[in-house]
Amino acid sequence: MPSPTQVVALLKAQSIRHIRLYDADRAMLLALANTGIQVTVSVPNDQLLGIGQSNATAANWVARNVIAHVPATNITAIAVGSEVLTALPNAAPVLVSALKFIHSALVASNLDSQIKVSTPHSSSIILDSFPPSQAFFNRSWDPVMVPFLKFLQSTGSYLMLNVYPYYDYMQSNGVIPLDYALFRPLPPNKEAVDSNTLLHYTNVFDAVVDAAYFAMSYLNVTNVPIVVTESGWPSKGDTSEPDATLENANTYNSNLIRHVLNNTGTPKHPGIAVSTYIYELYNEDLRPGSVSEKNWGLFNSFGVPVYILHLTGAGTVLANDTTNQTFCVAKSGSDPKMLQAALDWACGPGKVDCSPLLQGQPCYDPNNVVAHATYAFNAYFQKMAKVSGTCDFKGVATITTTDPTHGSCIFPGSAGNNGTVGNGTSLAPSSNSTSSGCLSLYFRGGGSFTNSVIIGILLFSATLL
C-alpha cells in the first residue's frame, strides 16, 4: 500500500478535501497535518468491545487518536466499527454505548460540534427492500437500531450505509436486470414501480437508499440523512462471476458518479444528492477470496489505471496517469540474454519505435543491453497506456517512479517528452511496503464538478482482511 506521504501527495495533486481512514493510523494522521483535508477516522471492530464497555477506554481512544492530532489534522468524523450488526453481532449490544462514550469524550473536549459520530451498516440489515415503501430493518436489531437512530438525531449525525448493486444483482438469480444494476437507461416499461407510492426506480442504488429511508420512517425517524460509505463494481472475476468486467465496472462507477454530481437524488428525495464513497482506489492483489475480491480498484498496486472513467461532460477523476510518473525499466540483475531477447521482441513484434537507439541518435549511449532494453520496455509500456501486464517481459522488467530520461535521451512519458509528468512525487507503493489496502472515492453532490467532487480514502489494515 502507498506510504502516508505518497497518499497525501495524491490527495494534494487531485485537490481532494475529504479522506476516510479505516482506523486512526498515527503516521497517516501526521502526514495529513496542516493540509486542511477533512478526515474521518475509525474505531476498528477489534477495539469495539473494549470501548463499548468502558467510558474511560473510549476517552483514552479519543485522546490518543483525535485530541492528539487536532487542530493540525482536520478530523471531522468518527466511524465506530464497520458493519457491526452483520460482521460482529456479539458486539452489537455495546455498539450504541460505544457511540455514546466516544461522543461524550468529544463533548468533554468541546469537539462535538465539529466531529460527528456514526457507524457504517450493511444494506443487508434492510428486509423486503423492494418495493422500498415496504422496507424495514431486521426487527431482531430493533434494540440496537432504535437507540442508534435516536443517537444520530440528537447529535445531528447521519446513517452510514454500504450499498452494493453488484451483489444484489448476483444474488437475484436473474430477477434484477444487469442494466438496472448498472444505471443504464431503461425504457419506461422496464422501470421498477413501487405500487404503494407509484415512484419509478431506474436503478438498484436508488431503490436501496430509499428502502433505508422508508425503514427509518417506519421507526418514526425522518430527519437523518444517509451517506453511502461503500459502493462499486469489480473489474475482473472468475468463471462464476461473468459480469465482473472492466466495461461493467467502468459503466457502474461512471454512471454512479454522474448520478451523484447531477444532484439527481432518489425518487423519494429528488434533488437531494446522496454523498457516496466509491469502493475502491487500489486493487488488492493479496486479498483472499474470489478473483473479484481482489479487483474493485480504479488502479492496480503500482498506481496504473485499471480503466479510465467515462465522465463525458464532467471532466475526469483519477483517470489516465494521475500517479504522474510510472515508467517500465529493465530489472536489476536480469540475465543479459533474456534482456536482449525481450529488446528484440519490443523493437520487432512489439512495434516500438527503436530508432532513438541507433548509433548517432540521442539514446544510443550508454551502448549496453540494459540501457537499450529500458528504453524499449518503457516505450512499449507507454504505448500500451500502462495497462496491467505490459511491463513484465518474462520477468526482466519492472515499474518505477523514477524518470529514466538522461541527457538528450527523452523517454516516452517524461515531462521532457509530452509535459504530462507532474512534480515527480511517487504515488506507487513503496518497495518495502507489505500491507495491502483498499481505498475508496467519495463524491458529494452540488456545485460545479471540480468543487463538488470530494475523494475520500478508506484504508483497511492487512490484519482485518
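Which residue in β11 is the bridge partner of Leu159? In this predicted model, the partner of Leu159 in β11 is Ile226. This bridge belongs to the pairing of strand β8, which spans residues 159-162, with β11. The two strands run in the parallel sense, and four bridges link them.

Strand β11 covers residues 226-231 and is mostly covered, with six of its six residues buried. In a regular strand, side chains point alternately to one face of the sheet and the other. Besides β8, strand β11 also pairs with β12, which is formed by residues 276-279. The pairing of β11 and β12 is again in the parallel sense and comprises two bridges. Here Ser231 has Ile278 of β12 as its bridge partner. Strands β11 and β12 are joined with helix α11, residues 246-261, in a β-α-β unit, and this unit is right-handed.

A helix pair was examined next. Helix α12 consists of residues 336-347 and helix α13 of residues 369-383. Their axes come within 9 Å of each other and cross at roughly 40°. Angles under 35 degrees would count as roughly parallel, and roughly perpendicular begins at 65; α12 and α13 are therefore oblique to each other. The crossing of these two helices is left-handed.

Residues from both helices take part in the contact between α12 and α13. On the α12 side, these are Pro336, Leu339, Gln340, Ala342, Leu343, Trp345, Ala346 and Cys347. They meet Val369, Val370, His372, Ala373, Ala376, Phe377 and Tyr380 on the α13 side.

Conventions
Residues numbered from 1 in each chain as written. Predicted model: local features only at pLDDT ≥ 70, side-chain atom pairs only at ≥ 80, totals over all residues. Heavy atoms only, no water. Buried < 20%, exposed > 50% of the residue type's maximum accessible area, 1.4 Å probe, protein only. Pairing = 2+ DSSP bridges. Right-handed = clockwise from strand over helix to strand, strands pointing away. Axes fitted to C-alpha atoms, helices over the stretch in contact; angles between N-to-C directions. Parallel < 35°, antiparallel > 145°, perpendicular 65-115°, else oblique. Left-handed = near helix turned anticlockwise from the far one by under 90°. Contact = heavy atoms within 4.5 Å.
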